[in-house]
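Open the model in your viewer and keep the sequence panel beside it. The tour below goes from selection to selection and says what is found at each.

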Amino acid sequence: GQQAAGSGQQAAGSRMASLRELSREEFALQELWSAHTMLGISHLLALRPVDGLEECYRLGHHVVRRFDVLGVVVGFEAKSNPKGGHRLLIVLDDGSAVVNCIVWRDSSSARDDVKDIPLGSLLRARGRMSTFRNQRQLTAWHIFVERDPLAEPLRWLELEQLWREVYLRDPRPAVAASIATQTASRVARP
């Protein structure tokens with residue numbers, strides 16, 4: 001039994017070794033490229049940047065650039081911008097790590113419901129990761145105060161499922177199949 005399992009792992013390893021890394025042009029063919037990748041904050045902060053691509057990060061063999069995190073507000077500060085609008089600094093803690101979320105609002109889009117977010121609120125933030133003074137932060141374009149008391153435990157269950165079914169899966173075979181299908185359809189056209 002162990003020998004059969006070992007040979008199966010070797011075969012899987014040799015198939016993986018024969019797959020090349022995705023080129024930059026192929027990143028957009030991955031299912032996670034245009035999605036908001038849901039992560040725990042510790043996983044968000046541990047992502048490795050992609051060389052030569054600003055604000056793109058490696059999640060296994062996936063390349064991701066948009067993120068969705070959920071956490072408890074443990075810090076909040078609103079500052080007015082002399083040119084109009086304001087900046088919100090929201091510190092989120094999901095139990096695994098803490099991240100600063102920056103939200104920029106101009107005067108016309110400033111909404112009263114996000115100007116004063118109470119400490120202890122459960123908040124969902126969507127945006128891109130950036131670096132400010134050598135510290136990673138989430139520059140959020142959407143924030144939502146979560147009202148469902150079960151949102152946090154349900155998020156952890158959802159993250160576990162995403163890791164198992166999506167994040168740990170290698171996207172390269174699907175990208176190769178997509179390219180082959182596109183090439184075949186171009187060749188088949190008169």
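Colour the chain by secondary structure and read along the sequence: the pattern is α-β-α-β-β-β-β-β-β-β-β-α-α. That comes to 4 helices and 9 strands; helices (H or I, at least four residues) and strands (E, at least two) are DSSP runs numbered from the N terminus. This is a predicted model, in which local features need pLDDT of at least 70 and side-chain atom pairs count only at pLDDT 80 or more, while totals for chains, interfaces and linings use all residues. Residues are numbered from 1 along each chain as its sequence is written, and side-chain values use heavy atoms, with hydrogens and water left out.

Next, colour by accessibility. Of the 190 residues in the chain, 35% are buried. Buried means under 20% relative accessible area, exposed means over 50%, and partly exposed lies in between (1.4 Å probe, protein chains only).

**Stop 1: the largest pocket**

Select R87, L89, N100, I102, W104, F132, R133, Q135, R136, Q137 and T139, which line the largest pocket. Its volume is about 200 Å³. On a 1 Å grid over the protein atoms alone, a pocket is an open set of points with protein on both sides within 12 Å along at least five of seven lines; a cavity is a set where a 1.4 Å probe fits but cannot get out; lining residues have an atom within 4 Å of a point. Grid points are joined across faces, edges and corners, and a volume is the space filled by probe spheres set on the points.

Which strands should you highlight here? β6 (86–93), β7 (98–105) and β9 (135–145) each supply at least two lining residues of the largest pocket. β9 gives the most, with 4 residues. By type, the lining of this pocket divides into 4 nonpolar, 4 polar and 3 charged residues. Here Ala, Val, Leu, Ile, Met, Phe, Trp, Tyr, Cys and Pro count as nonpolar, Asp, Glu, Lys and Arg as charged, and the others, Gly among them, as polar.

**Stop 2: the loop between β8 and β9**

Stay with R133, one of the pocket-lining residues, and move to the loop between β8 (122–132) and β9 that holds it. Add N134, which lies in this loop as well. Most residues other than glycine have a negative phi. Phi of R133, however, is positive, near 50 degrees, and phi of N134 is positive too, near 60 degrees. R133 counts as exposed at 73% relative accessibility, and N134 is exposed at 80%.

**Stop 3: salt bridges from β5**

Show side chains now. A salt bridge is a side-chain nitrogen of Lys or Arg within 4 Å of a carboxyl oxygen of Asp or Glu, and the count comes to 7.

Select R155 and D68, whose side chains meet in a salt bridge at 2.6 Å, N to O. R155 lies in helix α3 and D68 in strand β5, so the pair ties together parts that are 87 residues apart in sequence. Are these residues buried or exposed? R155 counts as buried at 8% relative accessibility, and D68 counts as buried at 0%.

Now select E77 and R87, which form a salt bridge at 3.3 Å, N to O. E77 is in strand β5 and R87 in strand β6, so this pair ties together parts 10 residues apart in sequence. Add R124 and R126 to D68 and R155: salt bridges that share partners join these four residues into one network.

**Stop 4: the largest cavity**

Keep R155 selected and add L39, G40, V69, L70, D94, E152, W156 and L159; together they line the largest cavity. The structure holds 1 cavity of 30 Å³ or more, and about 40 Å³ of space lies in the largest cavity. β5 (67–80) and α3 each supply at least two of its lining residues, with the largest share, 4 residues, coming from α3. The cavity lining divides into 5 nonpolar, 1 polar and 3 charged residues.

**Stop 5: a surface patch**

Finally, select L150, L154 and L157, a nonpolar patch on the surface with about 310 Å² of accessible area together. Patches are made of residues with over 30% relative accessible area and no salt bridge: like charges are joined within 9 Å, and nonpolar side chains (Val, Leu, Ile, Met, Phe, Trp, Tyr) within 5 Å. Accessible areas come from the Shrake-Rupley method with a 1.4 Å probe, and for residues only the protein chains shown count as cover. L150 lies in the loop between β9 and α3 (151–167) and counts as exposed at 52% relative accessibility.
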